[in-house]
Structure formats: structure tokens, C-alpha cells
Amino acid sequence: MKLNITLLSITVLLSVSQIFAQSNTEDIEYRRSSLSMVLIEAESFPSKESVMESWNNFPIPEKYNDHSIEVGSMNPNKYDASSAEKKADEMPTRIEQYIEDTDLAKKVAAKWFNVSADGKMDMKLVQERGFYNASEMDAAIASGQARGLASLGDAGEELISKTFVTFSKLNFVPNEIAAKIVKDAAMIAANKIPIAAARVAAIETANLAYNKAKEGYSVWTNTWLYQLNWNDSIQNEFYLNLWNNKEAFDKSDLFSLKYIGKESSTSLVTFSLKKGEGQRTEAQIIDLATVRNIDNVFAKLQKEYDVFKPVTPVLSSGPLTAQIGLKEGIKAGDKFEVLEMNWDAKAGKTVWKKVGTCSVDKKAPVWDNRYSSGTENLEQKDEAGNTVSATTFAGSKKIQPGMLLKQLK
């Protein structure tokens, strides 16, 4: 068993070092948290088909592994809440009922081990996302000994325990509703002006303001964040008693999701583009509003809850750059800790050690990696006319590609 642990450990370190030797973050593979997203249906969708199409085409943020589960969207009207909860935030109660009703936690866990209809399991996904040697992992499990499973502790802590599910509710409100209220009030005031010329000018101003303000939608998004419960005791119970055991797995109540927190975001999207670039269509408006608002609420969740913060590989050291930007809510001066992988011989697993800090360079533009829809020109330039494809940081020259950046509060 010691041999299994040693071989697995060496494999991990060699794999990671080879991976981090690459020079482009689009090619770099690193251990990411995993994410599944559920849409909470709402009656206020302006065009439900367009919203659902946008949601279904929404890509899992690239800083996370796609851990999507085929459970569809959630209809909150199917799940009741108490009168007291309805006066506050009843959605967590409805979500928990949905999680139980769909057996969601077990489905999230099952995806990690490719559980088949007959109960057979494998470690292919764990191996792929953690860069492990599959045969050594299989040997550790087949040993049937808790000591042998210690070699999988690294995978459990670094991968499986960092599995998240988000539930997002979007409310679309046509801007015309608020714009009409403002216009009516302005018209009443304008019509009271005794001087005819001034009255006409005020009415014209009110109409112009209304025509501009009524475009598009205001979007409110609430997102609730949950995490898969996974620790040493759950891991040992799973590998020792549920592995390749369909009956035991189906009957098990071992798996659960814990509530982490909630964040909200509001955004305004109009039909107009930049001068000379035309107008967005209704479908493009809805698509942009959906994606931008989800990006914004994710950025808030990442800043507020440390466990959900993604890590980003250093792209280059001269200058110091990384592919993270406005999509993640980054702004000039934001601070990051720099992490480097180390082998903890005593614990028998890899650990990330803080080796320094850096901050977003205030003299360079933050990379605009936000999603766009329509005919906008997406190419971003700096003052010298160079294309911006990453955010520049200020930090020690000792920070090298392959190290990871994690934002500090």
C-alpha cells in the first residue's frame, strides 16, 4: 500500500509540473472547482423561449469544471414554504425541497464516479481533473483498506469537496414601466409652465428622455450557492461500502448539499449600441442581460465566499499577467495571493503554499473578458494600441507561470 501511495504521489507531482510548463493559460490544465447550475423559473420572463435558450447556451465559467447534472430547471411553485418564510427569504426552503425531491446531492456525487445503471463505478473523471494515474487509484480502492484510501485524500480535498451547485432566479422588468412613470410626472410639471416656449421645450425634453429610458430591460438576479458535503468519513464510507455496490448506493443517504450563501445583482441593458453599430434584437437583449447578470452575481459570490473563489494560473512573468478580468469583477488595485504547489510528506498529499502577493496594475487596463451580444467591436486596446488579452499585475519577479493567483478580500 505504501507503494501505491508513493506512486500516486509522484504521478500527481510529475503531471502537475508538466502541465504548468505550458505557456498559455488556454492550454494550461489545473485543478479547478466543479460547478453545476440550476435555473429557477420565473413568471416575469419577457420571452421565456429566449431566456431558456440563453440559459441553456450559457457556458459554465471557464474557471470551473463543468459538472452539469441533467435535472432541468426548477419550478419554485411546486415547493411550498411556511407563512413566516414567505415574509422573508423562502427560496432556500424551496430549494432544499427540490434537492431532496430530485436526489440532487447523490446525482452530483455520482457524476464524479460515472455511476452506471447497474451500479458500476470508475475513477476516470477524478483522474482527468486531478491528473492522477488511474491504475494506482484503482489499486488503492481495490485494496479495501482505509490506509490505502489515504492516497485518495488529496483527490477528495482538492476536487470532490470543491463541487458546487448554484440556483439562480432572474426577474426581467421592462424599462418602459419606470420610464412612463417618470414621463407622466414630467408632463404634469411641464404643462404647468405658463410660458409657451418653455412649456414646449419641457414637453420635448420629457419625450426625448422617455424614448431613451424606455429601451431594454432591468434585470434582477438572485443566486443561492450550495456545496457538496465531502470529508474523510464520507469518503471512507463511500469507497469501503458503496463502491460498485448498486443496492447500497441506491439506498444510501450519505450525500448532501450545504448552503453557503446568497448574492444579488442588478443590471440595465438597452437596445442601442455604439454610434454607427445599429441596434440589438430582442433576443440579443435578453441573452446579454442573462449572461452579464449571472457573471456579476458570480463575481460577488467569489469575493464574499472564500471557498468559492477560483484560482487563475499566471500567464507570463514579464510583464506579470493572468487571464482574469472584468467578467470576474476585477478592478485596478485588487490584491491577490500567489500559490505554489508543494508536497506535504507528513500529510501525504499535495498542498498549495502561499509564496507572495500581487495586485492589479493601476497603470494598465483591466482585461474586458465580458460576454457580448450583437455587433460590438470586441477588440480591446491599451493606450499604445496593443491588443489587451490579459490583466497586468504588479508583483515580485519571483512569481512565475504555473503559480496560481487567488483574490484576497
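**Figure 1. Helix H5 in its surroundings in the predicted model.** In this predicted model, helix H5 (residues 104–112) is largely enclosed by the rest of the structure, because 7 of its 9 residues are buried. The buried residues of H5 are Leu104, Ala105, Lys106, Val108, Ala109, Ala110 and Trp112, so that a lysine appears in this list beside alanine, leucine, valine and tryptophan; a residue is counted here as buried when its relative accessible area is under 20%. H5 is followed by Asn114, a residue with a positive phi, which is shown again in Figure 6 below.

**Figure 2. The contact of helix H4 with helix H5.** The axes of helix H4 (residues 91–102) and H5 come within 5 Å and cross at roughly 60°, and that angle makes H4 oblique to H5. On the H4 side the contact involves Tyr98, Ile99 and Thr102, and these meet Leu104, Ala105 and Lys107 of H5. Sorted by class, the residues of this contact are 4 nonpolar, 1 polar and 1 charged. Leu104 and Ala105, which take part in the contact with H4, are also listed among the buried residues of H5.

**Figure 3. The packing of helix H2 against helix H14.** Helix H2 (residues 48–57) and helix H14 (residues 282–304) have their axes 9 Å apart and pack at an angle of about 50°, and the two helices are therefore oblique to each other. The crossing in which H2 passes H14 is right-handed. H2 contributes Ser50, Val51, Ser54 and Trp55 to the contact, while H14 contributes Ala283, Ile286, Asp287, Thr290, Val291 and Ile294. By class, the contact of H2 with H14 comprises 6 nonpolar, 3 polar and 1 charged residues. Trp55, one of the H2 residues in this contact, is buried, with a relative accessible area of 10%, and its ring is taken up in the next view.

**Figure 4. Two aromatic pairs with contrasting ring geometry.** The structure holds 19 aromatic pairs, and two of them are described here. The rings of Trp55 and Phe58 have their centres 6.3 Å apart and their planes at 10°, so this pair is stacked, given that planes under 30 degrees apart count as stacked. Both partners are buried: Trp55 has a relative accessible area of 10%, and Phe58 has a relative accessibility of 11%. Tyr226 and Tyr259, by comparison, form a tilted pair, with 5.2 Å from centre to centre and 50° between the planes. This second pair links distant parts of the chain, since Tyr226 belongs to strand S4 (residues 217–228) and Tyr259 to strand S5 (residues 257–269), with the two residues 33 residues apart. Tyr226 is buried, at a relative accessible area of 1%, whereas Tyr259 counts as partly exposed, at 37% relative accessibility.

**Figure 5. An aromatic cluster and the chain as a whole.** One aromatic cluster is formed by Phe113, Trp230, Phe238, Tyr239, Trp243, Phe249 and Phe255. As a setting for this view, the secondary structure of the protein chain comes to 14 helices and 11 strands, and 47% of its 409 residues count as buried. Of the contacts in the protein chain with a separation of 6 or more, 76% are accounted for by residues 24 or more positions apart.

**Figure 6. Loop residues with backbone geometry worth inspecting.** Most residues other than glycine have a negative phi, and most peptide bonds are trans. Asn114 has a phi near 50°, a positive value in a residue other than glycine; Asn114 lies in the loop between H5 and helix H6 (124–130) and is partly exposed, with a relative accessible area of 45%. Asn244 likewise has a positive phi, near 55°, and is found in the loop between helix H12 (232–242) and helix H13 (246–251), where Asn244 is partly exposed at a relative accessible area of 34%. A cis peptide bond joins Gly318 and Pro319, with omega about 5°, and Pro319 sits in the loop between strand S6 (312–317) and strand S7 (320–322).

Notes: Residues numbered from 1 in each chain as written. Predicted model: local features only at pLDDT ≥ 70, side-chain atom pairs only at ≥ 80, totals over all residues. Heavy atoms only, no water. Axes fitted to C-alpha atoms, helices over the stretch in contact; angles between N-to-C directions. Helix = DSSP H or I, 4+ residues; strand = E, 2+ residues; numbered from the N terminus. Parallel < 35°, antiparallel > 145°, perpendicular 65-115°, else oblique. Left-handed = near helix turned anticlockwise from the far one by under 90°. Contact = heavy atoms within 4.5 Å. Nonpolar A, V, L, I, M, F, W, Y, C, P; charged D, E, K, R; others polar. Phe/Tyr/Trp six-rings, centres within 6.5 Å; stacked < 30°, edge-to-face > 60°. Buried < 20%, exposed > 50% of the residue type's maximum accessible area, 1.4 Å probe, protein only.
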